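Visitor: I would like to learn how to read a model like this one. Where do we begin?

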Amino acid sequence: MAGENGSDAGLHSSPYLQKLRLYETRSNFYMIGRDKNRTLWRVLKIDRSNPSELTVVEDSTAYSEIECCDLLRRIHEGNRSSGGLKFVTACYGIVGFVKFLESYSMMLITKRKKIGAICGHTIYAISKSEMIPISKFPIQSNMAYSKNEKRYKKLLSTVDLTKDFFFSYTYNVMHSLQRNLRRNETGLLHYESMFVWNEFLTRGIRNTLKNTLWTVALVYGFFKQVRLFVSGKSFFLTLIARRSRHYAGTRYLKRGVNEKGRVANDVETEQIVFEDVNEGCPSKISSVVQNRGSIPLFWSQETSRLNLKPDIILSKKDPNYEATRLHFEDLDMRYGNPIIILNLIKGSEKKPRETILRTEFATAIRLINKSLFKENRLRFLHWDLNRHSRKATNVLALLGRVADYALNLTGIFYCQVTPNCTQDGLLTLSCSVQNYESPAKSSSDKTDDIDKFETDVANDNEKCSETVKHPMFQTGVLRTNCIDCLDRTNVAQYAYGLVALGRQLHAMGLTESRTIDQNIPLTEDLMGVYETMGDTLALQYGGSAAHNKIFCQRRGQWKATTQSQEFLRTLQRYYNNAYMDAEKQSAINLFLGNFQQQEDKPALWELDSDQHYCVGRHDPNLCNENARPSFKRSLSDGNIVTETDSPLGDSNIGHHQPLSENRETLRGLSESTPAITMSEISYSRQLFGEEDQVYYDENGNECNCTNFDLEWLSSSGNSCDEDIFDRFTTRLSSENIGAELNVGMTTSPSESGSSIKGGYRTASELSILDEFPEGFVNWVTHGDMLTPLNLTSK
């Protein structure tokens with residue numbers, strides 16, 4: 001990042017190191033860093049003599065280019081007898097340092113590419129990275145240690161930094177625009193964000209140097225910036241998805257919540273819109289944030305090679321829903337109130353699966369709300385997208401009404417800024433909203449802050465003839481979930497983004513109405529961006545691109561083509577979950593520091609379950625006593641050896657009041673209440689039909705959790721992500737998978753893979769080629785064309 005401090009509320013104007021060159025002698029590495037304009041040169045020395053320790057020393061001198069060249073010349077002369085000073089590589093930042101059983105290695109960004117800009121601050125992706133051992137002479141160890149060291153490094157290399165990771169030297173891309181514009185935070189604090197994935201890898205050098213001058217903070221998820229048009233005017237839209245590093249992993253290995261209130265597949269989505277204006281001119285900018293995450297209960301599913309749709313296992317280990325409460329307190333700290341929950345899972349099934357979680361989730365929210373003041377209560381909506389999508393009317397339009405309701409409660413962020421050119425050619429914002437401390441302030445305090453902000457903006461723009469509009473702030477968030485938080489959730493997030501875009505364009509003066517016609521090209525363009533995001537996030541967590549049937553039908557795509565595509569994605573997801581995810585999870589755990597190898601301790605691949613609770617028949621509290629894990633798991637967040645963990649309240653938009661101020665002891669599943677099992681689950685019943693949304697729990701008590709007026713919700717829709725899955729799974733088994741495949745089918749370009757690969761195999765692990773033909777493996781792994789196959793398990 002750009003030095004330690006940024007004077008413009010999260011947008012750095014101080015010098016920073018953008019280009020680095022690495023040199024080596026027999027005893028040291030020397031890294032030379034310079035700023036963009038070649039006016040500031042710094043030197044970092046890394047000791048190579050002690051392979052078991054990381055010794056990094058930063059020269060406090062700020063050199064000129066001539067002085068730096070002279071220093072390198074003197075280092076070369078002083079080491080001439082041992083080979084002198086040698087150039088190693090050019091690079092653009094340190095990703096971090098890692099050590100397994102032998103010496104430390106340094107991870108560097110050796111090539112980068114620009115993928116966008118926010119307020120003139122460039123956002124980069126990684127084109128190439130390199131891992132360089134620190135020690136010239138590796139530690140003398142036995143053959144087993146050396147073999148395991150190579151295996152660890154190969155496993156870590158499956159985390160592909162060139163896919164879905166992004167960073168900026170001068171913009172805190174791990175935070176929302178609203179937070180960046182109203183807070184002035186040091187670079188060290190940025191790495192504590194739940195969205196910085198190399199926090200562990202950079203911890204050593206940051207703690208030693210007490211700055212972030214040499215490292216870059218990597219965010220994992222999705223970033224795309226496009227230029228769009230409305231009413232003949234152009235603007236830029238940026239869609240950012242930030243995946244949390246807490247409780248991170250793959251679909252069946254990371255479900256639900258852990259003891260700290262962290263949920264699986266926790267992703268923050270931010271939609272930023274700004275004017276297409278000439279450089280240096282005042283610009284209007286707006287953003288809106290929404291969230292997705294796994295249902296915050298203790299539950300799991302076990303991957304099976306014979307069952308494409310495994311049972312859901314619900315644990316009663318948390319009868320007071322403390323972990324669920326912690327999760328919503330975290331959301332409250334990050335975004336403020338209100339917290340609006342859109343739950344899209346099924347309301348009725350022949351065999352209870354999703355309905356188990358639906359009932360339990362409603363019970364948890366009802367009990368949590370009992371301990372909250374009325375204004376702080378969670379606003380909860382069940383809406384079965386699967387059922388509605390099989391009917392006639394437009395699901396997107398109905399979800400748009402939910403989005404409109406949510407946006408009326410939370411608002412959006414909007415302000416006008418005046419960029420100023422700095423000496424290094426970057427743009428910073430002359431106005432600041434950092435005095436707007438928290439959404440939790442009283443109304444009088446908020447008025448004072450906003451008045452001050454408006455005065456600052458007016459002073460900055462007094463020479464402009466255009467009237468400055470009052471700033472707006474987002475307070476609260478819409479949290480959407482289905483079972484995987486992938487397919488149905490992405491449809492709902494697009495609907496929310498479309499309604500929000502109408503409000504953003506209206507606030508910026510680009511449209512006269514806050515509503516966007518769903519039949520104009522702009523909606524198609526936005527749908528394409530959200531569809532790409534959905535595919536990317538689904539590949540990361542689920543192993544295949546997203547099921548986009550609703551989007552395909554919206555475009556008028558041929559039904560047979562859509563069905564074939566959906567089926568192939570279902571099969572690809574099943575294969576990756578069953579055969580690739582164990583290794584993928586291990587790679588994630590290594591990268592995040594969730595597993596750290598210790599001497600004379602078992603290796604990562606020798607360990608058992610990584611879940612926050614035991615699975616299957618080993619846990620007497622689970623519903624299904626006969627469930628068993630079908631393959632090994634590796635350690636992860638919650639029961640691992642790490643130095644520290646970021647505080648739960650990792651604010652993003654910002655809120656500082658606790659969710660519950662009159663907290664009382666609650667019990668959801670009491671000692672006398674039997675655990676909810678697959679056979680004993682009782683469905684929530686609706687007394688007055690769907691429009692009233694009044695639910696009853698298994699004891700007949702009224703559970704009026706839904707705070708929405710749903711009179712406008714009709715039983716209608718377009719399509720669903722699970723339709724094809726439901727039709728085909730009854731005909732699939734490990735013996736007849738290939739018989740269902742048709743010739744000529746290819747995966748879409750977006751299905752080529754996620755940033756965590758799974759290609760490393762040993763004799764003791766699963767042998768894929770022994771069970772499936774090579775053509776099928778290449779299709780799943782690389783997206784090659786799938787030819788007619790007759791696949792059978794050996």
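Visitor: Take Y124 and Y169. Are they buried or exposed?

Guide: Keep in mind that this is a predicted model. Buried means under 20% relative accessible area. Both Y124 and Y169 are buried.

Visitor: How many aromatic pairs does the structure hold?

Guide: The structure holds 17 aromatic pairs. One of them joins Y124 and Y169, with 5.5 Å centre to centre and 70° between the planes.

Visitor: Which class does that angle give?

Guide: Planes over 60 degrees apart count as edge-to-face. The pair of Y124 and Y169 is therefore edge-to-face, at 70°.

Visitor: Where in the chain do Y124 and Y169 sit?

Guide: Y124 is in strand 8, residues 121–133. Y169 is in the loop between strand 9 (165–167) and helix 3 (177–182). The pair links distant parts of the chain, 45 residues apart.

Visitor: What about F166 and F223?

Guide: Planes from 30 to 60 degrees apart count as tilted. F166 and F223 form a tilted pair, with 50° between the planes and 5.6 Å centre to centre. This pair also links distant parts of the chain: F166 lies in strand 9 and F223 in strand 10 (residues 219–230), 57 residues apart.

Visitor: Why do F166 and F223 count as buried?

Guide: Apply the cut-off of under 20%. F166 is buried because its relative accessible area is 2%. F223 has 11% relative accessibility, so F223 counts as buried.

Visitor: Which residues do ring pairs link into a cluster?

Guide: Ring pairs join Y16, Y124, F167 and Y169 into a cluster. Y124 has a charged partner as well: the charged end of R112 sits over the ring of Y124, 4.4 Å from its centre. Elsewhere, R48 lies over the face of F29, at 4.2 Å from the ring centre.

Visitor: Back to the loop that holds Y169. What can be said of N172?

Guide: N172 is placed in the loop between strand 9 and helix 3. N172 counts as buried because its relative accessibility is 0%. Its side chain makes a polar contact of 3.1 Å with the side chain of H190. For sequence against space, compare N172 and A217: 45 residues apart in sequence, 8.6 Å apart in space, C-alpha to C-alpha.

Visitor: Now the backbone. Which residues other than glycine have a positive phi?

Guide: R38 and C119 are examples. R38 has a phi of about 60°. R38 lies in the loop between strand 2 (28–34) and strand 3 (41–47). At 39% relative accessibility, R38 counts as partly exposed. Phi of C119 is near 55°. C119 is found in the loop between strand 7 (105–118) and strand 8. At 14% relative accessibility, C119 counts as buried.

Visitor: Which residues does a cis peptide bond join?

Guide: Read omega. N337 and P338 are joined by a cis peptide bond, with omega about 0°. P338 is in the loop between helix 6 (322–335) and strand 16 (339–343).

Visitor: Last topic, empty space. How many cavities of 30 Å³ or more are there?

Guide: The count comes to 7 cavities of that volume or more. The second largest cavity holds about 80 Å³ of space.

Visitor: What lines the second largest cavity?

Guide: It has 16 lining residues, and the closest to its centre are W197, R243, S244, A248 and G249. The lining divides into 9 nonpolar, 5 polar and 2 charged residues.

Key: Residues numbered from 1 in each chain as written. Heavy atoms only, no water. Phe/Tyr/Trp six-rings, centres within 6.5 Å; stacked < 30°, edge-to-face > 60°. Helix = DSSP H or I, 4+ residues; strand = E, 2+ residues; numbered from the N terminus. Buried < 20%, exposed > 50% of the residue type's maximum accessible area, 1.4 Å probe, protein only. Lys NZ or Arg CZ within 6 Å of the ring centre and 35° of its normal. 1 Å grid on protein atoms, 1.4 Å probe; cavity = no way out; pocket = protein on both sides within 12 Å on 5 of 7 lines; lining within 4 Å. Points joined across faces, edges and corners; volume = space filled by probe spheres on them. Nonpolar A, V, L, I, M, F, W, Y, C, P; charged D, E, K, R; others polar. Polar contact = N/O pair within 3.5 Å; in protein donor to acceptor, adjacent residues only side chain to side chain.
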